[in-house]
Amino acid sequence: MYRFLLTPRWWGINLFVVLAIPFCVFMGTWQLGRFEDRVQSHEQAEKQPDPGTRAAKPLDELLPVDKVTSGRPAVATGTYADQFLVPGRELDDRRGFYVLNMLRTDSGKALPVVRGWLPGSASGARVPAAPEGEVTVTGDLQASENARSKGVNARGGLPGGQVGMISAATLVNLVPYDVYDAWVTLPEAEAGGTGGAMKPVPAAAPEGSGLDLKAFQNLGYTGEWFVFAGFVLFMWFRLVRREAEAERDIALGLVPENPAAPEGPGATDAEAARKAPAAP
């Protein structure tokens with residue numbers, strides 16, 4: 001009854017099933033592993049002390065920024081140079097902008113420093129002046145932003161003096177000096193009252209260190225791939241069963257093996273007229 005499984009058509013169906021099920025299981029397992037990695041990273045991050053409570057270290061000792069050094073207090077000395085506004089940033093459920101200044105260090109490279117946040121629109125805004133002369137800043141270290149970072153405007157087209165992304169790759173095109181591949185946010189208002197009107201911007205957790213939406217997306221994808229594997233197996237079983245029932249009906253003579261199809265444009269009407277009861 002199941003000899004039809006050896007026909008060329010069923011060889012193709014069987015090959016598809018044999019390849020599809022392991023592939024779905026592999027992809028589901030891979031997505032589950034991604035979810036477990038995020039859970040493990042989250043647990044490790046919770047066991048670590050708050051980065052902001054650790055002793056401040058020179059900037060160069062904390063680079064490059066990773067999940068361990070992100071949020072650590074970094075110390076840098078230099079002179080404030082170019083200033084930019086970063087629009088479209090929210091703080092305490094209010095929309096505003098960051099005030100970003102480039103701190104030129106003795107090495108010649110500049111460190112982007114977010115001095116604070118102000119509410120409202122960045123266009124035409126008046127911001128507190130940056131301190132003059134050589135200053136030493138201690139800020140929470142952050143990795144350069146990317147297109148996936150919250151609040152980033154990667155479309156461009158901003159007015160002069162504004163940037164949509166705090167990134168070395170973006171800022172190096174706007175200033176005539178090298179830029180560190182990192183930035184810091186000042187945890188407190190600047191001394192002397194120059195930044196008193198601005199609110200400090202809290203440091204963000206490093207990307208991929210928490211149970212964010214992406215982690216639960218991985219878990220959802222895991223379920224989807226396993227469901228796909230089950231669906232492929234179910235459909236194969238259903239097709240086999242239907243084919244076997246058709247073979248059995250043919251063997252019992254319930255269905256002709258090669259039913260003659262009506263031919264000609266009037267064959268259908270003629271066949272219907274033949275089967276219709278005769279008029280009295």
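Visitor: What makes Arg89 and Glu145 a salt bridge?

Guide: Their closest N and O atoms are 2.9 Å apart, and a salt bridge is a side-chain nitrogen of Lys or Arg within 4 Å of a carboxyl oxygen of Asp or Glu, so the pair qualifies. Arg89 lies in strand S2 and Glu145 in the loop between S5 and helix H3, 56 residues apart. This is a predicted model, where local features need pLDDT of at least 70, side-chain atom pairs count only at pLDDT 80 or more, and totals for chains, interfaces and linings use all residues. Residues are numbered from 1 along each chain as its sequence is written, and side-chain values use heavy atoms, leaving out hydrogens and water.

Visitor: Why is Arg95 called exposed?

Guide: Its relative accessibility is 54%, and exposed means over 50%, buried under 20% and partly exposed in between (1.4 Å probe, protein chains only), so Arg95 counts as exposed. Its side chain meets that of Glu90 in a salt bridge (4.0 Å, N to O).

Visitor: Lys199 and Asp92 also meet in a salt bridge; why is Lys199 called partly exposed?

Guide: Lys199 has a relative accessible area of 35%, so it falls between the two cut-offs. Asp92, at 55%, is exposed.

Visitor: How do you know that S2 and S5 pair?

Guide: Two strands pair if DSSP finds at least two bridges between them, and S2 and S5 have seven, in the antiparallel sense. Strands here are DSSP runs (E, at least two residues), numbered from the N terminus. One of the partners is Glu134 in S5, bridged to Thr79.

Note on methods
Helices (H or I, at least four residues) and strands (E, at least two) are DSSP runs, numbered from the N terminus.
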